[in-house]
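Colleague: I would like to go through this model with you slowly, taking one question at a time. Could you reason each answer out for me?

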Amino acid sequence: MTASNQTTDEAAAQQQPLFLHKPPYGDHLEARGWAFDAIGRSLSFIGNAVFVGTAVVHQAKINAGCLPEDVECTGVTQYGIRPSSFLALYNVIVGLASSALLPLLGAIVDHTSSRLFVARISAISYCILLFPMIFISQATWFAVAVLLIITALIGWIHTGMTFAYLPEMSDDKKTLERLNTSFTVIQFTTNVVYIVVVVGIAAGAGWMDDSLATAQLAQSISFVITTAFWGIAWLKLMGPRPAMSQLPPEKHLLTIGFRTIYRTSIDIAKHHRALGWFYGALAFSESATQALLIIITTYSIELLNFSSSEAGVMYLIVLISSVIGCYISELSLRLLSPIRSNQLCIMSMALFTALAAAFVKESRALFYMFASFWGVCGGWKYTIERYLAITIIPKNKDAELMGAYLFFGQILSWLPPLVFTALNEAGISIRISMLSLLIFWFIAVICLQVMGPYENALRQANEAVEDSSLVDNNTAEAVEEPKSKQSSEAPS
């Protein structure tokens with residue numbers, strides 16, 4: 001972190017980035033750059049996944065010989081898969097690649113000075129590939145579907161480099177928390193404004209039922225704003241970083257990240273039993289929750305004939321409802337332990353999914369209601385899981401084990417959409433295939449149960465810190481003892 005950043009931490013914490021008539025974050029250039037990156041990231045991710053993704057499925061239905069309004073198109077596209085499998089298959093590929101890339105990204109951050117270079121190259125490549133997606137049509141939809149996968153992979157690389165800057169924004173914990181909160185507000189506000197603007201323009205232009213026109217509009221806005229904000233962030237505001245540590249002799253950059261994950265996993269299994277079960281629960285619950293948005297988007301298109309604009313409204317409802325879930329998470333801690341609150345949240349999400357599959361057949365209003373329930377559970381889940389992680393990770397290993405938290409949250413992200421795709425390609429109804437998510441949530445609840453009481457998890461974390469302190473003290477005494485002995489034997 002540069003000296004100028006350190007001297008402006010307090011100003012950065014107090015300066016809110018929502019007022020564009022003042023310089024955001026004072027003179028803290030990298031905080032401003034991170035905020036600009038967050039704006040572009042929010043726009044482009046929603047534009048790709050919601051608006052363009054919905055248009056791709058609609059065009060795939062036409063390619064398969066179905067009408068857009070047909071319920072559960074049983075045809076097969078010229079590329080050999082059903083239209084309802086496209087979004088899930090996209091998630092499978094991205095999930096597998098991101099799980100494999102995460103250790104490598106960590107190695108680049110830890111052992112090279114290439115962080116800024118990788119972030120810049122990924123940002124430039126990503127923005128270049130956003131442009132041709134503006135021209136999605138019946139003739140180009142499959143090429144756009146391929147670009148969705150490529151941009152998602154590049155976006156994952158870019159996000160990994162971006163988040164490596166976050167803990168270095170300040171040495172003061174409270175300032176860092178305020179900055180992190182302001183970044184979250186920026187992302188949430190950007191998402192809401194972007195969806196409202198796109199849907200509002202589509203409604204005014206009479207495009208509410210035209211998925212192609214809405215996707216072209218959304219992608220045009222996304223390309224222009226993301227390119228502008230990322231250009232400023234990564235060419236002017238974000239700075240280089242040296243390697244955090246040297247690459248050990250006889251180690252390779254491509255494998256050292258996986259070796260680190262392996263050693264950390266062994267250490268967790270041996271010395272942090274409760275934390276290990278929590279990470280197991282996280283792997284299963286997070287994979288199902290990530291897949292839920294893709295699956296309910298497919299569900300809404302196939303069974304309810306949602307357009308891109310209506311899919312945007314659905315996501316907006318999920319997003320706004322997640323704020324309520326954050327408050328419910330805080331209230332639940334007054335009545336339940338964090339572990340039990342997490343279990344109740346996951347079981348609620350599974351229940352709402354089962355009820356939606358059983359009762360939502362034609363009513364869009366009913367589906368929107370369930371979207372709000374999923375949003376509440378999503379906000380509740382992410383809040384309570386972060387709270388659990390922060391409190392039961394030993395303080396002397398927080399950097400290493402928070403990295404493991406991110407890894408285990410991503411490692412199975414490909415599996416639920418793969419199961420859904422397999423069932424869907426076998427001709428099983430989407431309403432039944434969606435229920436496969438319940439298996440993953442059930443396993444997560446079992447893992448949380450095996451964790452034991454929350455107090456035991458806290459005690460294990462505290463004991464780990466005490467054991468580490470004891471080892472450090474013994475080491476220090478062992479070093480001092482020879483020095484004392486040499487002093488006593490020295491001639492007077």
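Colleague: Which residues touch the most other members of the largest nonpolar core?

Modeller: Please keep in mind throughout that this is a predicted model. The largest nonpolar core has 55 residues, and the residues that touch the most other members of that core are F278, Y279, F367, W374, I392, W441 and M451.

Colleague: Which helix gives the largest share of this core?

Modeller: The largest share of this core amounts to 14 residues. The helix that supplies them covers residues 273-304, and its name is α10.

Colleague: Which residues does Y279 touch, not counting residues up to four places away in sequence?

Modeller: Y279 belongs to the group that touches the most other members of the largest core. Once residues up to four places away in sequence are left out, Y279 touches I268, I393, L401, M402, A404, Y405 and F408.

Colleague: How many residues are in the other core, which lies apart from the largest one?

Modeller: The other core includes Y25, V192, V198 and L237. Counted in full, that separate core has 47 residues.

Colleague: At roughly what angle do the axes of helix α4 and helix α15 cross?

Modeller: Helix α4 spans residues 86-111 and helix α15 spans residues 415-425, and their axes come within 8 Å. The crossing of α4 with α15 is left-handed, and the angle between the axes is roughly 145°.

Colleague: How many charged residues are there in the contact of α4 with α15?

Modeller: On the α4 side the contact is made by A88, L89, N91 and V92, which meet P417, L418, F420 and T421 of α15. Sorted by character, six of these residues are nonpolar and two are polar, while the number of charged residues is zero: there are no charged ones.

Colleague: Is the disulfide of C66 and C73 right-handed or left-handed?

Modeller: A disulfide is a covalent bond between the sulfur atoms of two cysteines. The structure holds one disulfide, and it joins C66 to C73 with an S to S distance of 2.0 Å. Because the torsion about the S-S bond of C66 and C73 is about 70°, this disulfide is right-handed.

Colleague: Is C73 buried or exposed?

Modeller: A residue counts as buried when its relative accessible area is under 20%. C66, with a relative accessible area of 12%, is buried. The relative accessible area of C73 is 2%, so C73 is buried.

Key
Residues numbered from 1 in each chain as written. Predicted model: local features only at pLDDT ≥ 70, side-chain atom pairs only at ≥ 80, totals over all residues. Heavy atoms only, no water. Core = buried A, V, L, I, M, F, W, Y, C linked by side-chain atoms within 4.5 Å. Buried < 20%, exposed > 50% of the residue type's maximum accessible area, 1.4 Å probe, protein only. Helix = DSSP H or I, 4+ residues; strand = E, 2+ residues; numbered from the N terminus. Contact = heavy atoms within 4.5 Å. Axes fitted to C-alpha atoms, helices over the stretch in contact; angles between N-to-C directions. Left-handed = near helix turned anticlockwise from the far one by under 90°. Nonpolar A, V, L, I, M, F, W, Y, C, P; charged D, E, K, R; others polar. Disulfide = S-S within 2.5 Å.
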